[in-house]
Amino acid sequence: MITFDNVSLWTPNTHRKSPILLDCTIQIAPRARVGILAPAGSGKSSIARLFCGIDRPDRGCIQIKGRPSWPIGFAGFLHPELRVAQNIATIAELCGFPAKTALDFIADFVEIPNVLGRKTENLSPSERALVAYAISVVIPSDYLIADEVITVGNPVIRQKCEAYLETVLRDAGLVFMSRSKRQLRQYCETYFILIDHKLKPCSDLDAGQDALNMAANRAKELELSDV
């Protein structure tokens with residue numbers, strides 16, 4: 001179970017902070033496949049870090065019963081000057097997962113020549129994303145957390161990602177934040193929309209998108225009236 005209890009979060013590292021979440025209360029049940037429809041620039045990545053337990057809210061309480069994954073495909077935790085094998089082994093050990101199992105899986109899964117012996121900084125952005133994806137899914141978790149990215153790589157690798165993802169989701173939940181209604185429908189069973197700085201339940205993604213569009217139009221009108 002993931003519980004947000006009156007959670008508030010403001011934009012980080014800015015002189016003029018604006019709210020991302022205000023007094024938000026929700027619960028995500030075990031093994032639930034939850035999609036969150038949110039517009040660009042609304043703070044999806046910051047909220048994903050809350051679900052992962054990486055960051056804490058500015059106000060309120062978050063309780064996570066179980067282990068969430070890193071954001072799928074997020075390569076920011078890979079140290080650029082370390083070899084891929086060193087990064088993987090370190091992350092696996094921190095998570096209490098056998099390093100050799102992780103190394104063997106990733107070497108086979110990503111299909112990148114000599115990937116374990118290469119320095120992370122020498123990988124292309126797509127290669128780094130694929131390595132990060134593999135780390136996210138191979139280490140057991142109770143919730144997969146995805147911020148826009150849920151599969152990576154070329155079409156062949158994407159099919160492999162989708163097949164493995166379905167295997168993982170037999171025993172885990174999913175929190176998937178995206179602007180794409182199509183992808184949310186493909187992977188999720190229940191939905192929220194990020195609107196008015198809250199995560200509100202949504203039974204119809206088309207209606208949810210209409211509500212987001214109306215909110216964006218109101219915001220533009222207010223900006224113009226202040227000019």
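This is a short talk on the sheet, the domains, the pockets and one cysteine of the structure shown above.

Thank you all for coming. Before anything else, please keep in mind that what we are looking at is a predicted model, and that the values I quote are computed from it.

Let me begin with the division of the chain, which falls into domain 1, made of 2–68 + 179–221, and domain 2, made of 84–140. If we take the centres of these two domains over their C-alpha atoms, they are separated by 29 Å.

Now to the sheet. There is an open sheet of six strands, and reading across it the order is β5-β6-β7-β3-β8-β9, with pairing that is mixed. At the edges are β5, residues 68–71, and β9, residues 198–202, each of which pairs on one side only. Going from one strand to the next, the twist averages 20°.

Two of the strand pairs deserve a slower look. In the parallel sense, β3, which covers residues 33–37, pairs with β7, which covers residues 173–178, over five bridges; within this pair, Arg-33 has Leu-174 of β7 as its bridge partner. The other pair is β8 and β9, which run antiparallel and are joined by five bridges, with Ile-195 standing opposite Lys-198 in β9. These two strands form a hairpin that has two residues between them, and in that turn Asp-196 has a positive phi of about 55°.

Asp-196 leads us to the pockets. Which residues are closest to the centre of the largest pocket? Of the 19 residues in its lining, they are Pro-39, Ser-42, Asp-196, His-197 and Ala-219. The volume of this largest pocket is about 560 Å³, and the elements that give two or more residues to its lining are β2 (19–28), β8 (190–195) and α7 (205–226). The largest share comes from α7, which contributes six residues. As for the character of the lining of the largest pocket, ten residues are nonpolar, six are polar and three are charged.

The second largest pocket holds about 260 Å³ of space. Its lining is made up of 17 residues, and those nearest its centre are Pro-68, Ser-69, Trp-70, Ile-91 and Cys-95. At least two lining residues of this second largest pocket come from each of β5, α2 (84–94) and α4 (125–138), so that we meet the edge strand β5 once more. Here α2 gives the most, with four residues. By class, the lining of the second largest pocket has eleven nonpolar residues, five polar and one charged.

Where, then, does the second largest pocket lie with respect to the domains? Because domain 1 and domain 2 both give residues to its lining, the second largest pocket lies between them.

I will finish with a single residue, Cys-52, which lies in helix α1, residues 44–52. Is Cys-52 buried or exposed? Its relative accessible area is 11%, and since buried means under 20%, Cys-52 counts as buried. Along the chain, Cys-52 and Ser-8 are 44 residues apart, and their C-alpha atoms are separated by 16 Å.

To go back over the route: we went from the two domains to the open sheet of six strands, then to the pockets, and ended at the buried Cys-52. Thank you for listening.

Technical notes
Residues are numbered from 1 along each chain as its sequence is written. This is a predicted model: local features need pLDDT of at least 70, side-chain atom pairs count only at pLDDT 80 or more; totals for chains, interfaces and linings use all residues. Side-chain values use heavy atoms; hydrogens and water are left out. Two strands pair if DSSP finds at least two bridges between them. Axes are lines fitted to C-alpha atoms, for helices over the stretch in contact, and angles run from 0 to 180 degrees between N-to-C directions. On a 1 Å grid over the protein atoms alone, a cavity is a set of points where a 1.4 Å probe fits but cannot get out, and a pocket is an open set with protein on both sides within 12 Å along at least five of seven lines; lining residues have an atom within 4 Å of a point. Grid points are joined across faces, edges and corners, and a volume is the space filled by probe spheres set on the points. Ala, Val, Leu, Ile, Met, Phe, Trp, Tyr, Cys and Pro count as nonpolar, Asp, Glu, Lys and Arg as charged, and the others, Gly among them, as polar. Domain bounds come from an automatic or database domain assignment. Buried means under 20% relative accessible area, exposed over 50%, partly exposed in between (1.4 Å probe, protein chains only).
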